[in-house]
Amino acid sequence: MPVIHDALKEELERLMEKEQAYKNQLALLPKGRIHHKLIGGKKYPYLTYREGGKVKSRYVKPEELEHVMAQVEQRQQHEKALKSIRADLRMIRKVVKVGK
Amino acid sequence: MESSQKQTFWQTIALFHDVGVLEHIVVVGSWAEYLYQESGLIPGFRSSFRTQDFDVLFRNIRLPKKPFDLAAELTRRGYLMMQNAHTGLMKFDKGGELEVEFLVREMGKGQLEPYRHEYLGVTAQGLRYIDILAEYSTVLHVRGYSIHVPRPQAYVLHKLLINEQRSEAKQEKDLGAVRDLLAVMRDIPAEMAAVQELFNELPKKARAKIKNTCEKNSINW
């Protein structure tokens with residue numbers, strides 16, 4: 001049993017490190033989604049996001065669009081990863097606690 | 001349906017293939033066991049345990065020579081680069097389920113900091129004795145990819161060789177893998193003869209370490 005406990009503790013530390021790395025990266029990526037607004041018959045890209053309970057949007061210049069879209073997609077992937085890491089963390093914390 | 005982790009593994013293999021890196025690396029660690037199973041290299045073998053670590057060994061840290069920013073490409077494809085602030089060692093996590101780490105054989109006296117791949121812009125951890133895995137490797141053809149893996153004999157002997165320097169938890173996991181592989185290989189006389197042959201080729205010090213691990217853990221071949 002001590003071997004399993006040590007392995008879980010090792011995994012716990014690793015996941016915590018990973019959680020922090022994802023949180024750090026997410027802080028650098030833009031929140032929200034790209035939406036297009038129809039203005040005067042033309043479509044304009046906007047980054048729409050929530051801040052303090054309010055929905056806000058910011059115009060995205062055409063030359064920035066590809067980069068911002070890639071960042072938004074990356075954020076979604078990282079958020080999904082963080083969710084999975086946190087689920088693993090919850091499970092391992094429970095087991096480590098029970099095993100004490 | 002294939003697990004998401006396996007899908008991520010194959011996406012990573014595809015990426016290495018696309019950028020011309022696959023032929024220069026050896027898949028080591030528990031994912032090599034998965035490839036033994038997938039390729040049918042050892043009939044009847046089923047890998048029992050796979051970790052999140054996808055260990056990638058550079059056969060030669062100076063190859064490929066074509067400059068390519070692999071770190072940037074991995075990041076562009078959704079891998080999160082985690083770099084140790086003190087040592088500079090890079091790891092790339094995908095989806096919280098697969099962690100790619102690059103390895104290389106420790107050279108000379110060794111060094112505390114990782115080795116930087118001159119042309120790919122990634123860092124690799126130097127490990128002693130890992131050259132046995134690259135030196136005694138074979139190519140498996142799985143899902144249209146030609147993938148270098150250690151020959152199972154080298155894989156088993158390497159696990160026994162490094163056992164003492166691993167954490168207690170990893171020692172147990174490694175010994176489990178060794179027992180699983182040997183259990184199947186024992187039925188194939190040629191495989192066992194190859195284990196003995198490779199063992200005989202190793203330096204005296206390495207052979208003594210392996211013998212010691214086997215004796216301590218009642219492993220016979």
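**Notes on chain B, starting from a buried helix**

1. Let's start with helix α5 (residues 152-162) of chain B, which is mostly covered: eleven of its eleven residues are buried. Keep in mind that this is a predicted model. The buried set runs from Pro152(B), Gln153(B), Ala154(B) and Tyr155(B) through Val156(B), Leu157(B), His158(B) and Lys159(B) to Leu160(B), Leu161(B) and Ile162(B). So His158(B) and Lys159(B) count as buried here too, because each must have 20 or more other C-beta atoms within 10 Å of its own.

2. What covers α5(B)? Its buried residues are covered by elements that include α2, α4 and β9 (145-150), along with α6, α7 (189-201) and α8 (204-216), in chain B.

3. A good residue to click on next is Val195(B), which sits in helix α7 of chain B. Is Val195(B) buried or exposed? It counts as buried because it has 20 C-beta neighbours inside 10 Å, and the cut-off for that label is 20 or more. Setting aside neighbours within four places in sequence, Val195(B) is in contact with Gln153(B), Val156(B), Leu157(B), Met185(B) and Trp221(B). Gln153(B), Val156(B) and Leu157(B) are among the buried residues of α5(B), so you can look at this as one concrete piece of the α7 cover on that helix. By contrast, Tyr145(B) is 50 residues from Val195(B) along the chain, and their C-alpha atoms are separated by 27 Å.

4. Now the domains. The assignment for chain B gives domain 1 as 1-150 and domain 2 as 152-221. Their C-alpha centres lie 22 Å apart, and the contact between them takes 14 residues from domain 1 of chain B and 17 from domain 2 of chain B. On the domain 1 side, α2 (30-39) and α4 (131-135) of chain B each supply at least two residues. Which element gives the most to that side? It is α2(B), with three residues. By class, the domain 1 side has eleven nonpolar, two polar and one charged residues. Note that α2 and α4 also turn up among the elements covering α5(B).

5. On to the strands, beginning with β2 (residues 53-58) of chain B. Five of its six residues are buried, so β2(B) is largely enclosed by the rest of the structure. Strand β1 (residues 25-28) of chain B pairs with β2(B) in the antiparallel sense over four bridges, and Val27(B) stands opposite Val56(B) there. β2(B) is also joined to strand β5 (residues 98-105) of chain B by five bridges, and these two run parallel. In that pairing, Leu57(B) stands opposite Leu103(B). If you trace the side chains, remember that in a regular strand they alternate between the two faces of the sheet.

6. From β5(B) you can step to β7 (residues 123-127) of chain B: the two pair in the parallel sense over three bridges. The bridge partner of Val104(B) in β7(B) is Gly126(B). Four of the five residues of β7(B) are buried, so this strand is also largely enclosed by the rest of the structure.

7. How does strand β6 (residues 115-116) of chain B run relative to β7(B), parallel or antiparallel? The two run antiparallel, joined by two bridges, with Tyr115(B) partnered by Ala124(B). The hairpin of β6(B) and β7(B) has six residues between its strands, and Gly121(B) in it takes a positive phi near 70°.

8. As for the other chain, eleven residues of chain B are in contact with 16 residues of chain A. On the chain B side, β3 (80-83) and α6 (168-185) each give two or more residues, and α6(B) gives the most, with three. That side divides into three nonpolar, four polar and four charged residues. Compare the domain 1 side from point 4, with its eleven nonpolar, two polar and one charged residues.

9. Finally, chain B as a whole. There are eight helices and nine strands, and the C-alpha trace spans about 45 × 45 × 30 Å along its principal axes. A compact globule of 221 residues would have a radius of gyration near 17 Å, and chain B agrees, with 17 Å. Buried residues make up 37% of those 221. Among contacts in chain B between residues at least 6 apart in sequence, 63% join residues at least 24 apart.

Notes:
Residues numbered from 1 in each chain as written. Chains lettered and ligands numbered in written order. Predicted model: local features only at pLDDT ≥ 70, side-chain atom pairs only at ≥ 80, totals over all residues. Domains from an automatic or database assignment. Contact = placed C-beta atoms within 7 Å. Nonpolar A, V, L, I, M, F, W, Y, C, P; charged D, E, K, R; others polar. Rg over C-alpha atoms; globule rule 2.2 N^0.38 Å. Buried ≥ 20, exposed ≤ 12 C-beta atoms within 10 Å, placed from the backbone. Pairing = 2+ DSSP bridges.
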